[in-house]
Amino acid sequence: MKDVAELYEKEQFEEIIDTYKDSKKYEEILYVLSSFLALNNIGGAYELYKKRIDVLEKTNFLAAMNYLLLIIALLNNPEIAKREFDRIKSLPYISQEVEEFIQDLDQNYEKIKAATIESSETNYNYIEELNSDKVERVLGAISYIHENFKDQINSYGVVFYEAFSRRENYDLAKNFLLLELLSIGFDKEISFFKNGKFYYLNPKEYQQSYNNYEKEVDSIIKFVKKTEKVTNLIDDITYYFVAFINDQIPTFYSSDDLETILYLSIRKAYQNVDGNIDEDEVVKKLTINEKLLIECENLFNNF
């Protein structure tokens with residue numbers, strides 16, 4: 001049997017449906033759902049969802065809900081919408097996160113419905129854009145998904161994975177796709193060659209580390225914005241710092257080492273202005289790792 005991910009990459013949607021329509025494996029069911037949607041067979045997607053409702057909702061309830069709401073929006077059938085909403089609202093307690101989602105169910109649905117209407121009116125195919133050879137189009141598609149489907153971002157793991165896998169060269173677009181996979185904790189092995197190293201990892205195993213790392217990076221950025229006195233440097237410092245950090249992921253630096261990375265970002269930013277970096281208020285508070293400083297100096301020449 002051919003691998004479902006390989007078939008999806010080749011857009012063999014009909015073969016996926018024929019081969020995996022009876023599967024009870026969560027990931028394979030998602031691929032079949034996505035294939036029905038890709039073929040604009042919304043009725044088929046809905047029938048499959050109902051057939052595999054236990055697997056979908058017991059494995060990842062919120063991700064399943066986002067698929068269901070998208071299907072309902074595309075069906076545009078008020079009776080089905082009412083029946084499903086009544087069912088969802090009568091479900092027993094699962095978790096506080098689920099309760100909050102259900103409380104905002106009508107609003108979540110309206111957002112998805114509005115996005116599907118807008119997408120059909122503009123004929124903007126974000127899946128096609130996500131797989132474009134052009135970096136800017138991929139970044140635009142990622143931005144579009146976040147703007148229009150922010151509440152159901154976890155259900156887009158498959159499309160991010162496929163776009164990541166199809167992209168041969170490790171460029172900025174592939175890097176952003178990697179960040180998406182790490183952020184949502186996509187549960188599938190990926191491999192790639194980046195910055196002279198070969199990586200083979202499962203984003204789900206890195207998710208918690210990545211999310212904690214993001215919080216730490218955000219904290220440093222807030223510190224810069226609060227402390228930096230040379231205000232026209234703030235944007236440049238933030239850009240260099242975040243760009244370097246993202247470029248190095250899945251390498252995660254310690255809290256102490258992040259101070260050295262921040263120093264290099266500030267030094268890079270000072271190249272654009274007249275001023276004495278030694279008098280900088282942020283720099284005065286940093287502890288510099290001289291060995292790491294030397295190791296990373298050349299890397300900053302790329303930014």
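1. Glu11 is a good place to start in this predicted model. With a relative accessible area of 49%, Glu11 counts as partly exposed, because the exposed class begins only over 50%. Glu11 is placed in the loop between α1 and α2 (13-20), and its phi is near 60°, a positive value in a residue other than glycine. Most residues other than glycine have a negative phi. I would have a friendly second look at the backbone here.

2. Asn195 deserves a look alongside Glu11. Its phi is near 50°, again positive in a residue other than glycine. Asn195 lies in the loop between β1 (190-194) and β2 (197-201). At 46% relative accessibility, this asparagine counts as partly exposed.

3. Another backbone feature to check is the peptide bond between Ile249 and Pro250, which is cis, with omega at about 20°. Most peptide bonds are trans. Pro250 is found in the loop that runs between α15 (234-248) and α16 (255-270).

4. What does Ser265, in helix α16, touch beyond its neighbours within four places in sequence? The contacts are Ile237, Tyr240, Phe241 and Phe300. With Phe241 there is also a polar approach: a polar atom of the Ser265 side chain lies 3.3 Å from the backbone nitrogen of Phe241. Ser265 has 0% relative accessibility, so this serine counts as buried.

5. Tyr240, one of the contacts of Ser265, has a charged partner as well. The charged end of Lys268 sits over the Tyr240 ring, 5.9 Å from the ring centre.

6. On to the aromatic rings: the structure holds 11 aromatic pairs. One of them is formed by Tyr8 and Tyr31, an edge-to-face arrangement with 5.4 Å centre to centre and 65° between the planes. This pair links distant parts of the chain, as Tyr8 belongs to helix α1 (residues 4-9) and Tyr31 to helix α3 (residues 26-38), 23 residues apart. Are these two tyrosines, Tyr8 and Tyr31, buried or exposed? Both Tyr8 and Tyr31 are buried.

7. Finally, there is a ring cluster to enjoy on screen. Phe164, Tyr170, Phe192 and Tyr199 are linked into it by ring pairs. Phe164 also has a charge over its ring: the charged end of Lys174 sits there, 4.4 Å from the ring centre.

Technical notes: Residues numbered from 1 in each chain as written. Predicted model: local features only at pLDDT ≥ 70, side-chain atom pairs only at ≥ 80, totals over all residues. Heavy atoms only, no water. Phe/Tyr/Trp six-rings, centres within 6.5 Å; stacked < 30°, edge-to-face > 60°. Helix = DSSP H or I, 4+ residues; strand = E, 2+ residues; numbered from the N terminus. Buried < 20%, exposed > 50% of the residue type's maximum accessible area, 1.4 Å probe, protein only. Lys NZ or Arg CZ within 6 Å of the ring centre and 35° of its normal. Polar contact = N/O pair within 3.5 Å; in protein donor to acceptor, adjacent residues only side chain to side chain. Contact = heavy atoms within 4.5 Å.
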